[in-house]
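Please open the structure in your viewer and keep the selection panel handy. We will walk through it one selection at a time.

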Amino acid sequence: MKLAFVFPGQGSQKNGMLHSLPDHPAVLEVLQEAREVMGGNVFTLDTDKALKSTVSVQLSLLIASVAVSKAFKAEGVMPDFAAGHSAGAFGAAVMCGAVDFTDALEIVKLRGELMEQAFPSGYGMGVITGFDARTVNEIAAAISSEEYPVYPSNINAADQVTISGSIPGIKKVLDQAGQRGARTAELLNVSVPSHCPLLKSVGDSLYDKLASVNVRVPAIPYAGNRTARLLRDSEQIREDLAFNVSHPVRWYEISSLLCEHGTRLLIEMPPGNVLTTLNKRTLPGARSVSVDENGLDNCLFLAKKFCS
Amino acid sequence: MQAAKQRSWNTRLEAKQKRLEKMKGITSNRIIPTRQIVEALETLIMPGDRVVLEGNNQKQASFLSAALAQADPKKLFDLHMIMSSISRPEHLDVFEYGIASKVDFSYAGPQSLRMAQMLEDGKLTMGEIHTYVELYGRLFIDLIPSVALVAADKADSEGNLYTGPNTEETPTLVEAAGFSSGIVIAQVNELTDELPRVDIPGSWIDFVVVADKPYQLEPLFTRDPRHITDIQILQAMMVIRGIYEKHGVKSLNHGIGYNTAAIELLLPTYGESLGLKGKICRHWALNPHPTLIPAIESGWVESVHCFGGEVGMEKYVAARRDVFFTGHDGSLRSNRTLCQLAGQYAVDLFVGSSLQIDEAGNSSTVTRGRLAGFGGAPNMGHDPGGRRHSSQAWLDMMTDTDPLARGRKLVVQVAETFQNGNKPVFVESLDAVGAKADIGLETAPVMIYGQDVTHIVTEEGIAYLYKTDSMEERRQAIAAIAGVTPIGLKHDVRATEKLRREGLIALPEDLGIRRTDAKRSLLAAKNVEELVEWSDRLYEPPAKFRSW
């Protein structure tokens, strides 16, 4: 039986997330490290106001998740697999030893900045539940135009798929999905059309930056966002970290794959429990818990009991 | 003449003897020391060998599969694996590590995404996807194994094996290798001086190894009655009334869904109220389903032959020897091959459920992007052309007066018109067709072909497909019970009325069933605890099914 750590992406952030991290020396160490690298107070990143910027959001996600994953490590719990969703991939890459935390902070900051600059307004994402990826692909392909592009993006569960693109295009797809009987079809509160070809230039720039970063062979397999494969090769991880921003995250397959590889306990790093909620539905045969919901001590207890 | 005499006719045996000779460094008898299993496998198996590994959907030779995955790919490579079920991570790890390259299998449900990915990534070469009986058959024809890796409960020093209730496919795999100069290695949970009974004679076995922990065994056929819904109860009432009673079905196989569990639990209540005891459901080809306990206890069931055991049912089965096949020691004797054959030829009816059905009645459980294979359902879910014996139900399927007319097996598909998540079950085109192209299969992976299906049951009603005499009529009958799915919306109200009058479809009210009567209170047991009570407390459910 194997253990996986999962790292959440955007949408999981919340006000005060860095202030409410579990009390553990390893957590404080990571916060201190972040403070040194970023030359400022990290505790200003997680205010409501600051979290309006995707840069603060992504940095906060990285810091929070890495801080807690290091607490597990300090307590002697090492997972068998690490998987992150979108921005969460950087936390996963740090966890599995492929990328240094300090390098990750720098790349994530750049990632946020590039995304913010790419499409200042008129773009975003939506989410459809009740249809599979194939159906959403069909609807989006029929509606997308040069003027109002819209693409299917993240496949979060068998029946939960996001779309990314121009707001008018997204609205049309949501309308169409609603008419065809989707359970829900909603606009998300994000201003960047992530995980679709519109962000190709962001991916390219990130790749240029990552080319100068030391990416190592991971100590444990890293789940690739774009390919939904377990990666053990540093170059493949580098590509995944750069290009996941312009490709769909195949979370549904990633979580299934972890399970097929023998994972029976999945622990979600903070903040939130978005991935845990998805995993519980997709993986009835495994146990999914989140540090935010269950607390660090309980998760540590479970992990230790599980690994013994 | 001279040349022919020089040829050795014992090359397989000679190769085996060479390998056995090399084992002398590891053991002087039949027992391989637990810690030396990897070394032993590297000695006994050769690159390119065909290796049949026991791993069906219940019992797994988990110690041997884990050991094989630890072999050195420089010593062991290019193996051709034959597995009825690809269930455990290491079953595919051996391909990732370069130990094996080709696979022939039957079912890969628990590893279906990885199978599809590895095939796409060129990490394994696929032989064929089979049904169980086909795969077992090929072990004796063109997939004769060089090595068999199997699991048993106990062995004695002579290599005799005791498998207890979980005999399953072990005898078949052992026979294929053991009688073709192949090598048979059995993992056992323990060595003992005296076996409760001998399930496989020691002379068929070359080596025994005591596993570090007992083989993996899944309670796959336990359905908690708590999860049975009113709709499933309605469908179960329709099946009992409109199929079992109507055709006098006395011998059958059930799938593992909640809808068939509902049927089992309605026999002592609803079935009893219809006065059907003794008239239907007397002989079963079925695992020891806990949900069958109330029907057994109420005297409905004369016999049950099992593919495998079921965790927790051991004591109950041993205490009901009139019903189950048991050994001298009293415990269940299962046999997957024989039970599959019995389910193919000797039962009147197969009932299963499906994820997708097209307008011609073809059904599939394929999900795009995954490769799950078939298992045993197609063996039972078809009309075996070789059947010659008659029974009331079989003869009842005869629809013409041709002097050569014969009966037919009843193949029933039960499905709700929509799956969870709003996915219609009745579709224009099966995902299996797309999967054929995605994966590059020679044929679309259809589970049950429309031509074999005699009845489809939904919450709307029953379509008596065996009565239809044209494809058009067949489509109409299916559309009439397909609800508001894309196929159902095609139905024509007038045509439906006509089909109803002619008995090609039946709605619940036509069968004397009031939809409002379909309530969970009809279930003979509403939860696992009540099954335990029915069993005289002999059934011992695994922890995950205990809520008390």
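This tour follows the meeting of two domains in a predicted model.

**Stop 1: the two domains.** Select residues 13-217 of chain B and give them one colour; this is domain 1. Then select 225-531 of chain B, which is domain 2, and pick a second colour. The C-alpha centres of these two domains lie 34 Å apart.

**Stop 2: where they touch.** Now show the residues in contact: domain 1 of chain B brings 33 of them and domain 2 of chain B brings 32. Together the two domains bury about 2500 Å², with 57% of that area on carbon and sulfur atoms. Which three residues should you highlight on the domain 1 side for the area they bury against domain 2 of chain B? Choose Val133(B), Pro165(B) and Arg197(B), which supply 22% of the area buried by domain 1, more than any other three residues there.

**Stop 3: the polar links.** Three salt bridges are counted between domain 1 and domain 2 of chain B. For a salt bridge to zoom in on, show the side chains of Asp199(B) and Arg333(B), which meet at 2.9 Å, N to O. Across the domain interface, 22 residue pairs are in polar contact.

**Stop 4: the elements on the domain 1 side.** Switch to cartoon and select β5 (100-107), α6 (112-120), β6 (125-129), α7 (132-138) and α8 (170-178) of chain B; each gives two or more residues to the side that touches domain 2. Linger on α6(B), whose five residues are the largest share of that side. Finally, colour the touching side of domain 1 of chain B by residue class: 17 are nonpolar, twelve polar and four charged.

Notes
Residues numbered from 1 in each chain as written. Chains lettered and ligands numbered in written order. Predicted model: local features only at pLDDT ≥ 70, side-chain atom pairs only at ≥ 80, totals over all residues. Heavy atoms only, no water. Domains from an automatic or database assignment. Contact = heavy atoms within 4.5 Å. Buried area = accessible area lost by both parts, 1.4 Å probe. Salt bridge = Lys/Arg side-chain N within 4 Å of Asp/Glu carboxyl O. Polar contact = N/O pair within 3.5 Å; in protein donor to acceptor, adjacent residues only side chain to side chain. Helix = DSSP H or I, 4+ residues; strand = E, 2+ residues; numbered from the N terminus. Nonpolar A, V, L, I, M, F, W, Y, C, P; charged D, E, K, R; others polar.
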